[in-house]
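Student: Hi! I'm new to this one, could you walk me through it?
Tutor: Happy to, let's have a look together.

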Amino acid sequence: MAEVAESPGDPGTASPRPLFAGLSDISISQDIPIEGEITIPMRSRSREFDSSTLNESVQNTIMRDLKAVGKKFMHVLYPRKSNTLLRDWDLWGPLILCVTLALMLQRGSVDSEKDGGPQFAEVFVIVWFGAVTITLNSKLLGGNISFFQSLCVLGYCILPLTVAMLICRLVLLAEPGPINFMVRLFVVIVMFAWSIVASTAFLADSQPPNRKALAVYPVFLFYFVISWMILTFTPQ
Amino acid sequence: MAAVDNLRFEEFGDAPTSLATNPDATTISIEDPGETPKHQPGPARGSGREEDDELLGNDDSDKTELLAGQKKSSPFWTFEYYQTFFDVDTYQVFDRIKGSLLPIPGKNFVRLYIRSNPDLYGPFWICATLVFAIAISGNLSNFLIHLGEKTYHYVPEFRKVSIAATIIYAYAWLVPLALWGFLMWRNSKVMNIVSYSFLEIVCVYGYSLFIYIPTAILWIIPQKAVRWILVMIALGISGSVLAMTFWPAVREDNRRISMATIVMIVLLHMLLSVGCLAYFFDAPEMDHLPTATATPNQTVAAAKFS
């Protein structure tokens, strides 16, 4: 049992004692074992130091990153409340999705004199600056999500809309008409709802409860604008 | 003062009641210059001051002014400084939007809703929504108008989004800047009762633009009369919100200058709405159908006479 001689903390004593004056009076008996390890048990870090990723083959590196991206795609397609997207964020997925979307949405350079659809750079800028703006908004409102985590979630949740773009492109190969438009409209609406549900499943918890709607509305606007661009895409 | 327990905090009320109970005591009142006439014990002021009381809000604004002074203390290069401009809850944003849609005569939007907590959330996102609402509605309306024409090929007109963004954001930030500068200049010449900070003016302008979002969506209807009626309604509502907000700020001034300021505010607002309507929405050409039905009649009549 440790014996601690307590110094009297009575403010009524005449002489003011210096700070920590009573520490020297503490004595610890021999019964307490104070041996042990002072190394921090972070196994994963020791493993990394043992086998540094510098020496592995390129295929390993690429496959590891691709698997991480693929796993996050699965999380977006079946949104459950899990922390994988938030914990191990990466921006590969958003980059791949954004480039794919911008490549498919851009108009050809043939009719540059007519006012047509967006160029590649315009889509790219809208996606990335939109995501940055929403992240800044969420942080300014007092959310406790980090900058890149939020960018990661918003970027990955564009996946349903990219799938919608692919489907619209395929549908547009058929003959144009109102049925064509109805099919595309239905697909875009479903994927838009999916994106919103997926992103709010991850983002809504990071906001204080009385500001959730304020943080979610810009996400709604962002995906709405992207859906509009997908829906109004007309091949030249 | 009444005898109080040493360790218990007691509310002493505000300055007028304290002065009434103990007229000789010196009191320190920390309030902005806009509030001082209210506390002057002048019974012969007339109904003008009662109007002031209504417009300036009730006594709570004293406390919020004090609290506001304690809030913004971070230097401007830290992130926390900008967080103070987003310190609003969902219900507060909804209240402010509601206040901009229902202008009650005699109620000042700034004093009633903003109360020294101007936010940048409302102005920024209302302007962003308005930009996309105008661009998308214009595109949709043009598509519906030209639907039957053989030579029409639909284009998404994406360039117009950037033009709309430039116009709306320039209006929402440069006009308040000019107005604020003008009011500061007049304040140096004439002692005004009410003075607004730059952010409060940005806030009023931002929230007053909210009415244009449903207006832009309803502009899809390709009827000229409907569109102009919508312009009038929207201008009436948001113009009156702006006019009632800024009237107390210029009322003490020269009659001509105050009238000119209010007229200018409403005129710029009208210019924005009419300009957007003219640029983004094609004129509905409803005279296609009457001429199509008129010409067969004419040819039949001509055949009869000949």
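Tutor: We'll go through the folds, the helix packing and the aromatic rings, bearing in mind that this is a predicted model.

Student: Great. How many helices and strands are there in chain A?
Tutor: Chain A has nine helices and zero strands. Following the sequence, the pattern reads α-α-α-α-α-α-α-α-α.

Student: And what share of chain A's residues is buried?
Tutor: Of its 236 residues, 38% count as buried. As for contacts in chain A with a separation of 6 or more, 71% of them come from residues 24 or more positions apart.

Student: Let's zoom in on the helices. At what angle do H4(A) and H5(A) pack?
Tutor: At about 145 degrees, and their axes are 8 Å apart. H4(A) covers residues 92-105, and its crossing with H5(A) is right-handed.

Student: Which residues make that contact?
Tutor: On the H4(A) side there are Pro94(A), Leu95(A), Cys98(A), Val99(A), Ala102(A), Leu103(A) and Leu105(A). H5(A) brings Phe120(A), Val123(A), Phe124(A), Val127(A) and Trp128(A).

Student: What about H5(A) and H8(B), how do they pack?
Tutor: Helix H5 of chain A (residues 120-140) and helix H8 of chain B (residues 121-145) pack at an angle of about 155 degrees, with 12 Å between their axes. Angles over 145 count as roughly antiparallel, so H5(A) is roughly antiparallel to H8(B). The crossing of these two is left-handed.

Student: And who touches whom there?
Tutor: From H5(A), the contact uses Thr133(A), Ile134(A) and Asn137(A). From H8(B), Tyr121(B), Phe124(B) and Trp125(B) take part.

Student: Switching topic: how many aromatic pairs are there over all chains?
Tutor: The count comes to 25 aromatic pairs over all chains. One of them is Tyr82(B) with Phe85(B), whose ring centres are 6.5 Å apart.

Student: Why is that pair edge-to-face?
Tutor: Planes over 60 degrees apart count as edge-to-face, and the planes of Tyr82(B) and Phe85(B) are at 65 degrees, so the pair qualifies.

Student: Are those two buried or exposed?
Tutor: Phe85(B) is buried, at a relative accessible area of 6%. Tyr82(B) is partly exposed, at 37%.

Student: Which other edge-to-face pair could I look at?
Tutor: Try Tyr279(B) and Phe280(B), with 5.0 Å from centre to centre and 85 degrees between the planes. Phe280(B) is buried, with a relative accessible area of 2%, while Tyr279(B) is partly exposed at 41% relative accessibility.

Student: What lies over the face of Tyr279(B)?
Tutor: That would be Lys160(B), at 5.1 Å from the ring centre. Elsewhere in chain B, the charged end of Arg186(B) sits over the ring of Trp185(B), 5.1 Å from its centre.

Student: Which residues form an aromatic cluster in chain A?
Tutor: Phe192(A), Tyr217(A), Phe220(A) and Phe224(A) form one aromatic cluster.

Student: One last thing: what is the phi of Glu157(B)?
Tutor: Glu157(B) has a positive phi of about 50 degrees, although this residue is not a glycine.

Student: Where is Glu157(B) found?
Tutor: Look in the loop between H8 and helix H9 (159-189) of chain B.

Student: Is Glu157(B) buried or exposed?
Tutor: Glu157(B) is buried, as its relative accessible area is 17% and the cut-off for buried is under 20%.

Definitions and conventions: Residues are numbered from 1 along each chain as its sequence is written. Chains are lettered from A and ligands numbered from 1 in the order in which they are written. This is a predicted model: local features need pLDDT of at least 70, side-chain atom pairs count only at pLDDT 80 or more; totals for chains, interfaces and linings use all residues. Side-chain values use heavy atoms; hydrogens and water are left out. Rings of Phe, Tyr and Trp (its six-membered ring) pair if their centres lie within 6.5 Å; planes under 30 degrees apart count as stacked, over 60 as edge-to-face and the rest as tilted. Buried means under 20% relative accessible area, exposed over 50%, partly exposed in between (1.4 Å probe, protein chains only). A charge sits over a ring if NZ of Lys or CZ of Arg is within 6 Å of the ring centre and within 35 degrees of the ring normal. Axes are lines fitted to C-alpha atoms, for helices over the stretch in contact, and angles run from 0 to 180 degrees between N-to-C directions. Helices (H or I, at least four residues) and strands (E, at least two) are DSSP runs, numbered from the N terminus. Angles under 35 degrees count as roughly parallel, over 145 as roughly antiparallel, 65 to 115 as roughly perpendicular and the rest as oblique. A crossing is left-handed if the near helix is turned anticlockwise from the far one by less than a right angle, and right-handed if clockwise. Contact means heavy atoms within 4.5 Å.
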